[in-house]
Amino acid sequence: MPKPFHFKLDRVLDYREQLEEQAKGALARAQAARDAQAEKLAELEARLAAHLAAEAESRTSANDMWLWRQYKDALSQDISIARVNLNSLELKLQRSRTEAVERSKDKKLLEKLKQTQAKRHHDQENAREEKENDEMSTIRFEPHDH
């Protein structure tokens, strides 16, 4: 009866799978945060474009012009801040992506080792079994003397 294969690094493989799942989760969260920030930036830019298109309406009085300019400046400042935040989130996303790739490589390396060792174990067990069968056949074979 062949011995079952036991991979000595199963716990390490499980841990690396866990790390990979955590890295994938962090990547998904970073992607969602980046996408939300990009959407916010696009919304701010659309509001500024709409505000700039309404410039002619602001020329009714000095007060209206001042309010229009203040709102335009505030939108421009919000857009600048949103761009900085977006760049920061893109860097975080890139780091998360790199981390996820590294974790995946670590796990795949151990999986490959496990497959290699399982194949070697299987081949050794087959060779041992074949050797036992050959020895049994040799022992059972009785030459016929005539």
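How does the radius of gyration of the protein compare with that of a compact globule of 146 residues?

**Figure 1. The whole chain, two helices and no globule-like radius.** A compact globule of 146 residues would come in near 15 Å, but this protein has a radius of gyration of 34 Å. Keep in mind that the model is predicted. Its C-alpha atoms fill a box of roughly 130 × 25 × 15 Å along the principal axes. The secondary structure is quick to list: 2 helices and 0 strands. Helix 1 covers 10–53, and helix 2 covers 62–140. Of the contacts with a separation of 6 or more, 86% are between residues 24 or more positions apart. Buried residues make up 18% of the 146. As for the outside, the accessible surface comes to about 11500 Å², and carbon and sulfur atoms account for 53% of that.

**Figure 2. The largest nonpolar core has 7 residues.** Look here for Leu41, Leu44, Leu48, Leu75, Ile79, Ala82 and Leu86. Two elements, helix 1 and helix 2, each give two or more residues to this core. Helix 2 gives the most, with 4 residues. If you want one residue to start from, try Leu48: sequence neighbours within four places aside, Leu48 is in contact with Lys72, Leu75, Ser76 and Ile79. Two of those partners, Leu75 and Ile79, are listed in the core as well.

**Figure 3. Arg83 and Glu45 form a salt bridge between the helices.** The closest N and O atoms of this pair are 2.6 Å apart. Arg83 is in helix 2 and Glu45 is in helix 1, so the pair links distant parts of the chain, 38 residues apart. Are these two side chains' residues buried, partly exposed or exposed? Arg83 is partly exposed, with a relative accessible area of 42%. Glu45 is partly exposed too, at 31%.

**Figure 4. Lys114 meets Asp10 in another salt bridge.** Here the N to O distance is 3.2 Å. What does the pair tie together? Lys114 belongs to helix 2 and Asp10 to helix 1, so the bridge joins parts that are 104 residues apart in sequence. Both ends are partly exposed: Lys114 has a relative accessible area of 29%, and Asp10 has 25%. A search of the whole structure turns up 13 salt bridges.

**Figure 5. A salt-bridge network takes in Glu20, Glu21, Lys24, Lys107 and Glu111.** Zoom in on Lys24 and Glu21 to begin with. Their closest N and O atoms are 4.0 Å apart. Both lie in helix 1, 3 residues apart, which is about one turn of the helix. Lys24 is partly exposed, with a relative accessible area of 43%. Now turn to Glu20, another member of the network. Glu20 also sits in helix 1. Is Glu20 buried or exposed? Glu20 is buried, because its relative accessible area is 4% and the cut-off for buried is under 20%. With neighbours within four places in sequence left out, Glu20 is in contact with Arg103, Ser104 and Lys107. Among these, Lys107 is also part of the network.

**Figure 6. Leu9, Val12 and Leu113 make a nonpolar surface patch.** The patch comes to about 190 Å². Leu9 is found in the segment before helix 1. With a relative accessible area of 34%, Leu9 counts as partly exposed. Why can Leu9 be part of a patch at all? Patch residues need over 30% relative accessible area, so Leu9 passes on that count with its 34%.

**Figure 7. Glu55 lies in the loop between the two helices.** This view looks at the stretch between helix 1 and helix 2, where Glu55 has its place. How far apart are the C-alpha atoms of Glu55 and Met65? The two C-alpha atoms are separated by 8.5 Å, and the residues are 10 apart along the chain. Glu55 is partly exposed, with a relative accessible area of 31%.

Methods. Residues are numbered from 1 along each chain as its sequence is written. This is a predicted model: local features need pLDDT of at least 70, side-chain atom pairs count only at pLDDT 80 or more; totals for chains, interfaces and linings use all residues. Side-chain values use heavy atoms; hydrogens and water are left out. Patches are made of residues with over 30% relative accessible area and no salt bridge: like charges are joined within 9 Å, nonpolar side chains (Val, Leu, Ile, Met, Phe, Trp, Tyr) within 5 Å. Accessible areas come from the Shrake-Rupley method with a 1.4 Å probe; for residues, only the protein chains shown count as cover. A salt bridge is a side-chain nitrogen of Lys or Arg within 4 Å of a carboxyl oxygen of Asp or Glu. Buried means under 20% relative accessible area, exposed over 50%, partly exposed in between (1.4 Å probe, protein chains only). Contact means heavy atoms within 4.5 Å. A nonpolar core is a set of buried Ala, Val, Leu, Ile, Met, Phe, Trp, Tyr and Cys residues joined through side-chain atoms within 4.5 Å. The radius of gyration is taken over C-alpha atoms; the globule rule is 2.2 Å times the number of residues to the power 0.38.
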